[in-house]
Amino acid sequence: RQVAIITEHQDQVDLIHERFDEDPIFVLFTDLDNVERFEKANLREARGIFVNLDSDTDSLITIINLKRHFGDRNYIASIENDDLRETFRTAGATHVLFRDGIAAKLTASYIFEPDVAEFSTDLLGSSGVQEDYDIRQYVVREGHRYSGTRYGEVMKDLRAHGCLPIGLHKRDNTQNRENELLKLPSNDTLVEAGDYVLLILDGSHGTALRDLFGVEEGI
């Protein structure tokens, strides 16, 4: 994935260049209050815009300014105060991540369900080797054999490919219904073009899944 990082701290620019190859990473050093300059990072073509600032107030103001300048986009915000979750969604954030909440859930799992926590930590990271496990999502395109098929049949076929389907994201393609994430949907749920299938797989099946769906993972 090509990634653009926007920062107002010069020392972060040097650190990013030290840690990452320059080919997939573009760094824009600018004042974060001047969102017009973000055009240099090509945000209008970005699949997602991740706002990750130290202050929830700064993050909220940034999302409001971004939406005013770039319109409705896929904005993801990382926040410290979970009480502000709905405020961020109202401001235009598509997804809101509560940093301490994620850590607390993992910590509790390590205390009461350590094997679940180990598996969860593995799933949260991308699969770097064949033994690693990962959760991915693949879109069902128009004309794909899964389009118009019941979820139970899709699940059976994917399990034959060494994967475990765990959910279905119903996309709002008609503007008449809301996006909906179905966790462990019933077997008779209809899979339609534009839906995303969520599944667990290990590193050895990544290429096969890309060929099966005819697309790369993600949105």
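Two exercises follow, both on a predicted model.

**Exercise 1. Check the length of helix H2 and describe its surroundings.**

Step 1. Helix H2 covers residues 56–70, which is 15 residues. The expected span is 1.5 Å times one less than the number of residues. That gives 21 Å.

Step 2. Compare with the model. The end C-alpha atoms of H2 are 20 Å apart, which agrees.

Step 3. Look at the ends. At the N-terminal end, Ser55 is the cap: one of its side-chain oxygens lies 3.2 Å from the backbone nitrogen of Thr57. After H2 comes Gly71, with a positive phi near 80 degrees.

Step 4. Find the buried residues. In H2 they are Asp56, Ser59, Thr62, Ile63, Asn65, Leu66 and Phe70. Their cover includes strands E3 (49–51) and E4 (75–79), along with helices H3 (85–91) and H4 (99–112).

**Exercise 2. Find the aromatic pairs and classify each one.**

Step 1. Searching the whole structure gives two aromatic pairs.

Step 2. Take Tyr138 and Phe213. Their ring centres are 5.0 Å apart and their planes meet at 10 degrees. Planes under 30 degrees apart count as stacked, so this pair is stacked.

Step 3. Place these residues. Tyr138 sits in strand E6 (residues 133–139) and Phe213 in helix H7 (residues 206–213), so the pair ties together parts 75 residues apart in sequence. Tyr138 is buried, with a relative accessible area of 1%.

Step 4. Take Tyr146 and Phe213. The centres lie 5.6 Å apart, with 70 degrees between the planes: edge-to-face. Tyr146 is in the loop between E6 and strand E7 (149–150), so this pair links parts 67 residues apart in sequence. Both Tyr146 and Phe213 are buried.

Step 5. Join the pairs. Tyr138, Tyr146 and Phe213 make up one aromatic cluster.

Key: Residues numbered from 1 in each chain as written. Heavy atoms only, no water. Helix = DSSP H or I, 4+ residues; strand = E, 2+ residues; numbered from the N terminus. Buried < 20%, exposed > 50% of the residue type's maximum accessible area, 1.4 Å probe, protein only. Contact = heavy atoms within 4.5 Å. Polar contact = N/O pair within 3.5 Å; in protein donor to acceptor, adjacent residues only side chain to side chain. Phe/Tyr/Trp six-rings, centres within 6.5 Å; stacked < 30°, edge-to-face > 60°.
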